[in-house]
Amino acid sequence: MDYSIKIGGEAGQGIQTIGETLARVFARSGYHVFSHQDYESRIRGGHNFYQIRFSDRPVTASKDRIDILVALDRESIGLHEHELAPSGRIIYDSSALKQKHDKPSFLDVPFTDLALKHGGDRIMANTVATGAVLGMLGMDLSILLALLEETFRKKGDKVVSANREAAMAGRDFAAKGCTGCSFPVNASTEQPKMLIAGAEAIALGSLASGCRFYAAYPMTPSTGIMNYLAGKEKEYGIVVEQAEDEIAAINMALGASFAGVRAMTGTSGGGFALMTEGLALAGMTETPIVIGLGQRPGPATGFPTRTEQGELQFVLSAGHGEFPRVVFAPGTPRQAFHAVNKAFELAEKYQVPAFILFDTYLADSQWTCKGFDLSGIKNTDYRLRGEAFQKLPGYKRHAFTESGVSPLGVPGDARHLVITDSDEHDEDGHIVEDAATRVKMVEKRLLKKLPLIKQEISPPSLYGDHDADIMIAGWGSTYGVMREAVDELSKSYAVAMLHFSELFPFPSTGQFDYLALLEKAALSICVEHNATGQFARLMRAETGYEFTSHIRKYDGRPFTVEGLTGELNAHLRRL
Amino acid sequence: MLTSEDYRGQVPAWCPGCGNFPILKAFKDAMVELGIEPHQVTMVSGIGQASKLPHYTKCNAFNGLHGRTLPVATGLRLANHEMLTIAVAGDGDCYGEGGNHLLHAMRRNINVKLFVHDNQIYGLTKGQASPTTGEGTVTKNMPFGVLSEQLNPLALAVALDCGFAARSFAGDVTHLKGIMKEAVRHKGFALVDILQPCVTFNKTNTYDWYKQRVYPLEPEYDPENRAAAFTRALEWGDRIPIGVLYRNRRLPYEDRVPVIAGRPLLRQNDVDLSRIATTIKEFF
């Protein structure tokens with residue numbers, strides 16, 4: 001059992017409401033769910049879709065082939081009818097679309113009429129559609145009905161019961177009308193699952209890491225982090241500040257971090273371009289900061305709502321001058337949650353900027369899991385506070401130490417003064433011009449810390465055949481689709497994937513000799529969502545290893561299982 | 001007892017006779033008279049001769065980037081609103097590079113004291129026009145003179161309903177110290193535009209030039225009358241008013257952020273993972 005449902009229509013029609021509700025119902029039913037979204041940079045109109053896949057086995061990417069298309073406009077039919085599986089169905093409302101389809105693959109459900117008749121308001125057409133999809137699948141409505149009650153409880157009993165009526169009307173109509181429909185759904189034996197998108201997981205990770213200050217300027221695909229955190233301000237004691245621009249956002253976060261709290265900012269490439277000056281300031285003043293960088297296709301405004309992995313080389317070299325940084329590129333919401341925690345820990349431990357490099361695809365994709373394991377979450381206070389700070393006989397913010405890490409005092413907690421400067425400075429933090437101090441500071445700030453940070457970096461994860469002829473490598477959000485491609489290809493080949501979720505400092509081979517695996521393979525294919533192979537370049541620069549083949553996608557759309565498997569097969573046929 | 005010796009810092013690298021010296025003296029005296037100890041104040045500065053001031057006194061200091069003093073100060077205040085936070089910047093730094101931040105700091109009314117050393121010229125980069133340089137002034141890189149109108153920071157402040165907007169003069173340390181103290185006591189954002197001669201690069205706006213023009217606002221002047229303040233803010237030329245031109249009683253930003261109503265963010269640094277476990281349940 002493995003079904004894909006696509007809800008297509010114009011922005012503002014409620015595609016997301018239907019999609020999120022269905023995804024939640026499937027997750028609560030205990031199924032594995034994966035969803036992704038495709039939308040345009042506009043508030044109303046255009047063509048958008050929400051695609052959900054659910055199964056009784058793990059699913060980690062979207063498929064091209066769909067089983068049910070919920071068409072809220074005519075364009076959705078024109079664009080997606082060809083994606084329909086042989087047994088697939090399109091449900092639509094002929095009165096709303098002013099178009100009637102007689103093919104057996106079409107099921108005309110009067111969403112609006114049923115909403116008016118059973119719910120009393122056309123606004124419930126989406127609830128009818130949601131019920132209708134579950135009706136086609138022959139699923140029980142109890143979970144949906146409970147969900148509707150949770151959603152509409154605040155609006156009163158009348159709204160709740162009207163929505164329930166609408167859902168049941170949709171279900172009844174579709175169950176009866178979908179003659180010849182065959183969508184057998186195995187009853188799930190599993191517990192309800194957690195359903196979470198990448199952006200939410202990043203935000204949750206920052207809360208779990210004790211982040212107290214988040215400053216940002218809205219920009220897709222990072223805005224979801226700010227929105228989520230803003231909803232938790234009072235509960236968690238976190239200040240979310242919408243800055244006047246990204247320059248202010250990163251500088252505010254640095255000010256808060258200097259004052260003694262864990263601070264984060266988030267943006268996309270264009271906003272990050274403005275932040276690079278502040279990034280160098282973090283490097284020079286050794287002020288801890290976590291930066292969420294959500295990639296989207298550039299250059300400039302590019303494709304504002306679409307996806308790409310085009311900023312790896314940018315993030316590695318951003319900021320003037322030389323200073324250490326840490327770059328994480330999680331592949332799943334769960335990885336993102338833990339990466340944020342590790343980013344905060346390393347940022348504070350080494351007083352460096354740490355990045356969560358994600359993209360639109362990961363930000364918006366929802367995944368299911370059993371839950372997040374909190375046992376590995378660390379919250380080490382690396383700052384000198386209160387009595388411990390007062391007791392020190394003397395204090396120098398940028399003192400030379402064996403590790404290069406100087407004591408990070410909280411200003412005002414002691415009589416000691418905490419001084420830092422964007423100019424080259426001495427141990428006290430005062431401006432200097434002399435060469436000897438400069439050399440010692442560079443050694444302290446950069447050369448001593450880098451190897452220590454490198455030791456903290458985890459190697460890539462290996463999935464598939466441990467003695468593979470074919471190695472597929474990637475980083476960040478392609479984790480899920482690569483994994484499914486490996487599952488497909490392993491039916492015919494000895495294949496495995498290496499996924500890098502910690503990119504810089506580049507992982508050493510000490511713990512896991514991934515280079516030996518790559519070198520042994522007959523074919524190594526680097527999969528990236530960019531045009532120039534930025535990760536392949538990093539790999540070559542850091543290790544000298546060159547992938548034998550590349551798959552590069554730069555149309556702004558994510559890989560699908562069939563899409564990536566097809567491209568991999570094309571390479572394999574040349575073997 | 002606290003004395004100005006407690007505020008003695010590094011030896012200044014300013015030009016002899018620089019208008020920054022009396023500003024530094026006024027600052028130290030103001031702090032001493034207010035009974036504030038060096039560790040109780042954080043100065044945030046940008047880039048320029050003015051921004052070196054924190055090094056020449058004693059305080060916590062974040063000497064950041066050109067134009068970016070106010071965002072750093074804002075973040076600092078939101079994290080610890082018990083820390084007196086003074087931003088020090090020059091006219092190029094604050095009115096040029098950091099102009100956008102100034103607008104929004106005024107809008108927020110964040111409780112930061114902004115002391116602008118306004119010498120109407122760029123000193124550190126050797127004599128270019130700043131936003132407050134007089135129209136027509138010829139510089140090395142502007143052979144046809146400054147073509148843009150001179151920025152009026154006080155009029156801007158009144159227009160934006162800035163919590164506290166004052167002007168003082170480096171040549172009158174007593175007046176400046178008094179204004180600094182008033183700015184510190186004010187609850188909300190405070191702009192103090194300090195007229196300051198640049199003895200090396202500004203041969204027009206000299207000590208004498210200012211002395212002939214500045215006059216203190218009359219005692220009956222009402223700084224809470226916004227319309228009158230705007231009229232007075234426009235006065236520039238033969239006579240230049242100094243003093244508190246405008247002030248209002250808007251609540252500081254920090255008082256309107258519910259999260260920090262009880263205690264500073266800095267004191268809320270405990271992490272309760274059981275709460276995270278509860279939040280995770282919302283995703284089921």
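How many of the residues of H5 in chain A are buried? Let's start there, and keep in mind that what we have on screen is a predicted model.

So, the helix itself. H5 of chain A runs over residues 125–136, which is 12 residues. From its first C-alpha to its last it reaches 16 Å, close to the 16 Å expected at 1.5 Å a residue. Back to my question: 12 of its 12 residues are buried, and the helix is mostly covered. If you want to click through them, the list of buried residues includes A:Asn126, A:Thr127 and A:Thr130, along with A:Val128, A:Val133, A:Leu134 and A:Met136. There are glycines in that list too, A:Gly131 and A:Gly135. And look just past the helix: H5 of chain A is followed by A:Gly138, with a positive phi, near 65 degrees.

Okay, on to the cysteines. Over all chains, the structure holds one disulfide. That one joins A:Cys178 to A:Cys181, and the S to S distance in the model is 1.4 Å. What about B:Cys18, then: which cysteine sulfur is nearest, and how far away is it? The nearest is the sulfur of B:Cys15, at 6.0 Å, and B:Cys18 is in no disulfide. The cut-off for calling a pair a disulfide is 2.5 Å between the sulfur atoms.

Last bit, buried or exposed for these cysteines? A:Cys178, from the disulfide, is buried, with 9% relative accessible area. B:Cys18 is buried as well, at 10%. And over in chain A, A:Cys526 has 1% relative accessibility, so that cysteine counts as buried too.

Note on methods
Residues numbered from 1 in each chain as written. Chains lettered and ligands numbered in written order. Predicted model: local features only at pLDDT ≥ 70, side-chain atom pairs only at ≥ 80, totals over all residues. Heavy atoms only, no water. Helix = DSSP H or I, 4+ residues; strand = E, 2+ residues; numbered from the N terminus. Expected span 1.5 Å × (residues − 1). Buried < 20%, exposed > 50% of the residue type's maximum accessible area, 1.4 Å probe, protein only.
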